[in-house]
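These are my notebook entries on a structure I looked through by topic. I began with the overall make-up and then turned to single elements and residues.

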Amino acid sequence: MADATASFKDVPELFEVELGEALTARTESLATFRELGPPDLCHIVKSTGRTGQRDIGSYHFVSGVDASSSASLAAYINSLTYSIEDNSAWFSKSTAWKVRNGCYCCFNAFSRVDIRVDVKIPGGVVAYVVDLRGERHEATPEIWQETYLSALLRAILYSDDPTYWLEAYRKLDPITTTEGELRFLQAAEALFMKGWQVGSDPEIQVATVVSNHLTAGIMKYFGDSGRCQPAANLFEKLAAREPEIASLLARSYIGMNEEVKAVQIMSAAMKHTPHSYTLLHVQSDFLRSKGRPDWALKLAREAVNCAPSEFVTWEKLTELYIDTKDYESALLTLNSCPMFTFNGRDAHRALVPAKVHLPFQRQIGDILPEKTKNDDDVADPALLRLPAPGLRGTWARAYSLLTRLVSDIGWDELLKTRSVVFVMEEEYRMQKAQADIQKVVTSNGARNVNDNVTVIHEDGSVTMGSTTLADDDASTRGISSPLSESESKPENDFGLSASAIPIIRVSSEYDTEREIAESTRNGIAEQDQVTESANMQSLTLEKPVQAAAGAEPEPSQPSNSNQEAFSFTNKRLCERWLDNLFMVLYEDLRVWTIFRAEVAHFKTQHVAYRKTGLEWEILGDLGIRLHHKEEAKEAYQRCLDTSRYSQKPWAKLLEMYAEEGDITRTIQAAIRVAAYQYADYTEMTYPTLIARCFFKLGQIHGHAKISFTLLSMGLPDPILKIMDSYLQYGKTFKVEGYDF
């Protein structure tokens, strides 16, 4: 076990149990990296130089380090030698630890290899490549260029991803000068046609030359600061070689407010690539922004025809159907979306460290609550079990469309629309039963036409009869007519009768099925009296089925005319995943309705409504999901009154205040977010949430007003320096608003 003097002063570390196990685990995991790869790994070996003293190994993750050459990576390892604790004195008995050697690992997402730089102190620097089989190769200039761009893309795309978290992950500024940005553009231009090799977002099924992590990184880096001119210059050169890149060029010009030029580019590009769904989407978004969703809808339909296997084309079409208030078509289109298995970001294999060292001694951290678990970190199990926060990829995007639908038309109307376009289970059961009965009656009639038959009654008597004397519709009418009380009892013992409210059954594996059935008595749905535990198990969602049954004149007594008019040709089968999302939405709405009812009740009673910090945070997230922005903001603000250690409420409020243009509150929230980021070793300025919000305000008010507001707050120097770094970035790269 390492003592305190073996640790770095301001760099996080995970100490190894076995020396070198982190490098071995990374080598074994190389074949599992699918796309951009994980953050860089920096492995350090420390020694006292004494014989008999065992060396210790530690490692941390890092992004933003210049990976263009072995010298730049070796320089990073060398900088760590100045960060080691030096508490020893001439009279101290403790032994001074020093960095003996280090290894920096950086994944090349283009060639699928790991480039490593071994640094011996004192000694030399050795750079080599490790392939997926663990074999060593020589590093070529082409490999270095690919590695440099891969490292930059990881730093940009992982910078503020809330779903990607690693312990001891240090984030540094990837680009700090205009020369560095120029090198980034040159590398992107050289490797642009290989961009599809690094993969794409989980919503894109097939990575293309215009839909991949490289284009996403370029658009995020320049788009977040509103500086689309460098991106437009890059795409202008590339569009001459690949006409499909015109969609990115047009998007860049729209970002520069050069709409006329963007329209001209789109018009010319349509002649060369009329079947490019990305180009059709740019046109569709442009028309939508101009208040013409009806025109945009035609382009979105054509995009679906061009790329029917892509989720984003169906998603765009669904959004436009919602814009045009064609909710039935929106629901049908959503049901047609192709769903993909979610593959998260690449990550290292988790190892159990011997010791975790997470130092934080900066003054900015003094404004944060204690990072200890307390009563505000617990929540009601019903809130913790909400399934919606666990949705990822296409499932999360589809759910956001469903919540937008319910926000526009309401829950009851959504269920009516659902019952109009989809086959309900009760309808399917009754249709199937009717078809089976007609088949039996028809076959018996054909066999016994005009023949006397022997009829054996239940009491044992035997009579002669003819089928012509029987009522041909007796069986059919018996099913469609209401059952008497005595006749319905046997049916109720084994299942639902024809007059019962139909049930939509979600998959039996749903882990909260029993809890939902027990807790719906306080929900939005009206409860029926359920007497059998078997029925209780099957009730997963009652309110949607009531609305579906209510679409008929009399749900309990469907008439023959309704049954005859129903046909599977004018309805679709609802996909199981969409059925599950309705269930997820019902749970969200049920909890939200209970919450708002409780708030209203406590207000009328003039009693304080109390929740823990975690509960307020969950309710804020729930309000955001259901598009109740003001109520969500109130929940996040209530969360700040507790002692919970969490960045999320501050980050959400930061976005809301920036959207509203409130400079003072935006800066106050930004200070807390910056403190949390520095506590988690995010020592970068851009691209981050704070920079994005500051630049959004700067476009309206100018950076000078933000700077003067910061000065007027009387902040401590360390905090003021950090907050001013965002404005300095804007000044260096001439972000809009930097000069006024």
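**Entry 1. Overall make-up.** I counted 30 helices and 12 strands in the chain. I note at the outset that this is a predicted model. Of the 740 residues in the chain, 49% are buried. I also looked up how the contacts are distributed along the sequence: among those with a separation of 6 or more, 72% join residues 24 or more positions apart.

**Entry 2. Cysteines.** I searched for disulfides and found 0 in the structure. I then asked why C42 forms no such bond with C103. The sulfur of C103 is the closest cysteine sulfur to that of C42, yet the two are 8.4 Å apart, which is too far for a bond. C42 counts as buried, because its relative accessibility is 0%. For C105 the closest cysteine sulfur also lies in C103, at 3.9 Å. I recorded this pair as unbonded too, because a disulfide requires sulfur atoms within 2.5 Å. C105 is likewise buried, at 0% relative accessibility.

**Entry 3. Helix α5.** I examined how far helix α5 (residues 213–223) is covered, and found 8 of its 11 residues buried. The buried residues are H213, L214, T215, G217, I218, K220, Y221 and F222. I next asked what covers them. The cover includes α3 (141–157), α4 (178–191), α6 (229–239), α7 (246–255) and α30 (717–732).

**Entry 4. Helices α11 and α14.** I looked up the packing of helix α11 (residues 311–323) on helix α14 (residues 393–409): the angle is about 5° and the axes are 11 Å apart. I therefore entered α11 as roughly parallel to α14. On the α11 side the contact is made by F311, V312, E315, T318, E319, I322 and D323, and on the α14 side by T394, R397, A398, L401, R404, L405 and D408. I set a general point beside these lists: an α-helix has 3.6 residues a turn, so residues three or four places apart point the same way.

**Entry 5. Helix α27 and its two partners.** I took α28 as one partner. The axes of helix α27 (residues 663–679) and helix α28 (residues 689–701) come within 10 Å and cross at roughly 160°. The pair is therefore roughly antiparallel. I noted the crossing of α27 past α28 as left-handed. In α27, the residues I663, T666, I667, A670, V673, A674 and Q677 meet I690, F694, L697 and H701 of α28.

I then turned to α30, whose axis comes within 11 Å of that of α27, with a crossing of roughly 100°. These two helices are therefore roughly perpendicular to each other. Here A670, I671, A674, Q677 and Y678 of α27 make the contact with I719, I722, M723 and Y726 of α30. I marked A670, A674 and Q677 as residues of α27 that appear in both contact lists.

**Entry 6. Helix α23.** I checked the length of helix α23 (residues 576–604). Its 29 residues should span 42 Å at 1.5 Å a residue, and its end C-alpha atoms are 42 Å apart, so the two values agree. H606, which follows α23, has a positive phi near 55°.

**Entry 7. M424.** I located M424 in the loop between α15 (411–421) and α16 (425–447). Is M424 buried or exposed? I entered M424 as buried, because its relative accessible area is 8%. M424 and K571 are 147 residues apart in sequence, whereas their C-alpha atoms are 9.5 Å apart in space.

Technical notes: Residues numbered from 1 in each chain as written. Predicted model: local features only at pLDDT ≥ 70, side-chain atom pairs only at ≥ 80, totals over all residues. Heavy atoms only, no water. Helix = DSSP H or I, 4+ residues; strand = E, 2+ residues; numbered from the N terminus. Buried < 20%, exposed > 50% of the residue type's maximum accessible area, 1.4 Å probe, protein only. Expected span 1.5 Å × (residues − 1). Axes fitted to C-alpha atoms, helices over the stretch in contact; angles between N-to-C directions. Parallel < 35°, antiparallel > 145°, perpendicular 65-115°, else oblique. Left-handed = near helix turned anticlockwise from the far one by under 90°. Contact = heavy atoms within 4.5 Å.
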